[in-house]
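Visitor: I have a structure open and would like to learn how to read its features. Could you walk me through it?

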Amino acid sequence: MTQIVKYLKDYAAPNHLVPKVDLLFDVQNEYTDVIITLHIEPQNNEKTLILQGDAKLLMIQLNGERLPETAYSLVGEILTLPNMPTVPFTLTIQTRVFPEINKSFNGLYASDGNLYTQCEPEGFRKITFHPDRPDVMGVFTTEIRADKQKFPVLLSNGNKIRSGSLPDGRHFAVWHDPFKKPSYLFALVAGQLVATSDVFVTKSNRQVAIEFYTRPEDADKVAFAVESLKNAMKWDEERFGLEYDLDVYMVVAVGDFNMGAMENKGLNIFNTKYVLANSQTATDSDFEGVESVIGHEYFHNWTGNRVTCRDWFQLSLKEGLTVFRDQEFSGNRASRAVRRIENVKLLRTHQFAEDASPMAHPVRPASYVEMNNFYTMTVYEKGAEVVRMYHTFLGEDGFQRGMKLYFERHDGQAVTCDDFRHAMADANGVDFSQFALWYSQAGTPTLNVSGSLQNGEYILDVKQILPNTPDMPASEKKPMMMPLAIAFFDENGKKISFRQPEHPAVSNTEQTETVLTVNQSEQSFKFLMNANTVTPSLLRGFSAPVYLEFDYTNKELALLLAHDDDAFSRWEAGQTLFRRAIAANEDALKNGEMLPEHTELMDALRNVLNNQDIDPALKAMLLQVPAEAELWGERDNLNPVLISMAREALLEQIAHGLHSELLATALNAREAENADKRGKEIVFYEYNPKDAGLRSLQYACFGLIHRFDEIATIEQVFEYYDEMARKNMTHEWGVLSAINHNHDPKRDELLARFAAKFDSQALVMDKYFMLIASSRRADTLAQVQAALNHPRFALDNPNKVRALIGTFARNVPHFHAADGSGYAFVAQHIKKIDEFNPQVAAGLARAFNLLQRIEPQRQALMRAELEQIVALPNLSKDVREIVEKILA
Ligand code: B3K
Ligand code: ZN
């Protein structure tokens, strides 16, 4: 089957603009009729109008006159009208859609009897006909008519300008959005929902009504999201000078949603997971997720909605920038340093893996078959790193000058990543032409660095190595421009001051840290300093999204781990020690030898645990061993189960070697968390960043301690589970996660109690399914299969699928089981789910990403499953695109 590939190089400006759109939604029981009136302005005397639509077409009128069917043709999703006027005209089109049977959660769909829309990127065409491309922007007025009892709440973008009753127990509401917007930002919600209201007063003293819509039984879980929104609104005014522009900001929570949330103008629609949180049902990291997604969607109002993308290739223009903004915002929680490490860990675990896979693509993809497949870690997270590099080069003031110019030039427009880059360059008089390569070259660069000290002169040699990717061989790639932040430490862990003789601006200045501009394949940098031994601290703050190679000794790494004042570099030193220890374990396991002892690592960790000056949240991060996917790197012929065993073995070595230190650290953190609560009437331990840090440290330790003695552990946990569960969900989850791999039947009993207690809380049931699917126990696949029949599991609910099947697909020993049972299970569900929700199915298919780099036996098993999938006659283009790339 041939797929239609769209290319960036084929972009052409639209031949018809649609500056005004009037919509009427007539909601009936089994269907909804949609009448759209497009006010069309032809460009360049173009007569042929092309519209996109994938809805049942009932009729078309040109300037109010019905068109005969001979006046147009509809082939697939493309409606061609050949003889249209070359002066402005209106086209009125009626379609019929069936939301109750739409389980793709794309376009207009029903969930729990209510109606919701999802239009980004190309869902508007599932509702009606329109050019449906982001560079065609218009002012929308939307009328909704529906039964008053069944649909008491009727919402769309902008401000409500009229509402009232209609005959037969029906009513209507008319919404008008004064801001021009692309069709992907259109939204409609109708149903039985309650509003939690608040007010935000903007810096220019305008009152903005805040309304969060939920099911009545969830209204007790929105307070934190409302607070987060107000914080985000304030933060954007203070940091970026950006103010909200409508009179109302609405957020609607829905349990059936393909992703996290959607930034529709004035009417965000959210997955319940990122709105609903109270301490009984949500963990600290759930609270943090709510805060950052609420911030993210709000920040889109300027970076995405006011200035949008010219075409979908430019997606990172809004997503990379908005992720950068939400990362900067998530300010309440822990320290900046810890947040930075969390973001880097996410990038390196998932984006680096993507970059090393057949799905690798540049931050601005050059082609796609299904745009939904490109809402990726590369576009979002690497895109945010690209924005961060501008910031690192320009500093906060220079970056803000660039942002200001960007809005001055482009407010109300649909633009490109180049427009953003030009604004950054022009506002600062900096040449960023080489920097454009970040948007066109895929793959993770490697910086290979070496250093030598002679007579007070330290030379740092930097080589830049670019990888082959499926779209481009390394030989065609040009060296990239990136900031390399560095400092130097002496043998006592003190920072060394230095001069850069070759750097005219600062050649006489004593510095202790600097940012180098790397822009060639090989470069040397010279530093003058008074020192005998030098340990460089490189890529500080993770100043560029690259692999860094430097031949540190373990002793040097231990020095950095103990003394580096850059939290990322400090953490990274520890990570390198972990990686080395795991690699050594892997060799030993492969050769049937005794595991090495890792004395330097153990000593370094002991120092970390005993160091009372380290912030608890950072200490928890320092104890985290790299994730499995981080260990795969760019290796070939890999056996993921062996690597996983080597990693598990290290965890057990740490548990045994540092048992008493871990226990003392955990108990101290627990004591610190309890201290200020004694004697107070506390129902639940509430989320706050300080306590969250203390809790993350407790469970970082307990997760290890529980490996010390499985049998004693489960007995103890059985005793104190209720006490912990009474405190809050973070404790309850922490305890359950720590014993989740335990083979004792008491583990099953605790999980069953947990499920029974939270039977009516959908989001907590997701946690139950995650526990089942992430266990390393031998019977996990059987338990996952049984869970499919649990009354609270639903294959058509994306959160449930991700919790159970998605989690299982990341459970390395089980997904990669040598008999292929894990592959078969996931493949079977990809096929089933693809029949009604291609996006969710395509998400699962990415689990097979490792195909080309896995050892031959597993590779054959994986391949067999994938070949069966591509052979399906009705396979969606979403899954087909992913699977064909993996197999290619
Ligand atoms: N822009 C949406 C994502 C839409 C995904 C479509 N498959 C949410 C966000 O990034 O804020
Ligand atoms: Zn976004």
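Guide: Gladly! This is a predicted model. Let us begin with burial: of the 888 residues of the protein, 59% count as buried.

Visitor: How many helices and strands does the secondary structure come to?

Guide: The protein has 25 helices and 32 strands.

Visitor: And how do I judge the overall compactness?

Guide: The general idea is to set the radius of gyration against what the globule rule gives for the chain length. Here the radius is 28 Å and the rule gives 29 Å for 888 residues, so the protein is as compact as a globular protein of that length. Its C-alpha trace spans about 85 × 70 × 60 Å along the principal axes.

Visitor: Let us turn to the rings. How many aromatic pairs are there?

Guide: The count comes to 48 aromatic pairs. One of them joins Phe124 and Phe186, with 5.5 Å from centre to centre and 65° between the planes, an edge-to-face arrangement.

Visitor: Where in the chain do Phe124 and Phe186 lie?

Guide: They link distant parts of the chain, being 62 residues apart. Phe124 is in the loop between β11 (114-118) and β12 (137-147), while Phe186 is in the loop between β15 (170-182) and β16 (188-191).

Visitor: Are these two rings buried or exposed?

Guide: Residues under 20% relative accessible area count as buried. Phe124 has 0% relative accessibility, so it is buried, and Phe186, also at 0%, counts as buried too.

Visitor: Why is the pair of Phe754 and Phe758 called edge-to-face?

Guide: Planes over 60 degrees apart count as edge-to-face. The planes of Phe754 and Phe758 are at 65°, with the ring centres 5.4 Å apart, so the pair falls in that class. Both Phe754 and Phe758 are buried.

Visitor: Which residues form an aromatic cluster?

Guide: Look for Trp302, Tyr390, Phe393, Tyr406, Phe407, Phe420, Phe432 and Phe435, which form one cluster.

Visitor: Which rings have a charged end sitting over them?

Guide: Phe179 is one example: the charged end of Lys265 sits over its ring, 4.2 Å from the centre. Another is Trp733, where the charged end of Lys767 sits 5.7 Å from the ring centre.

Visitor: Finally, which residues form a nonpolar patch on the surface?

Guide: Leu589, Leu595 and Met645 do, with about 220 Å² of accessible area together. Leu595 is in the loop between α8 (567-590) and α9 (599-610).

Visitor: Why does Leu595 count as partly exposed?

Guide: Partly exposed lies between under 20% and over 50%. Leu595 has a relative accessible area of 31%, so it is partly exposed.

How values were computed. Residues numbered from 1 in each chain as written. Chains lettered and ligands numbered in written order. Predicted model: local features only at pLDDT ≥ 70, side-chain atom pairs only at ≥ 80, totals over all residues. Heavy atoms only, no water. Patch = residues over 30% accessible without salt bridge, like charges linked within 9 Å, V, L, I, M, F, W, Y side chains within 5 Å. Areas by Shrake-Rupley, 256 points an atom, 1.4 Å probe, with all protein chains shown as cover. Salt bridge = Lys/Arg side-chain N within 4 Å of Asp/Glu carboxyl O. Helix = DSSP H or I, 4+ residues; strand = E, 2+ residues; numbered from the N terminus. Buried < 20%, exposed > 50% of the residue type's maximum accessible area, 1.4 Å probe, protein only. Phe/Tyr/Trp six-rings, centres within 6.5 Å; stacked < 30°, edge-to-face > 60°. Lys NZ or Arg CZ within 6 Å of the ring centre and 35° of its normal. Rg over C-alpha atoms; globule rule 2.2 N^0.38 Å.
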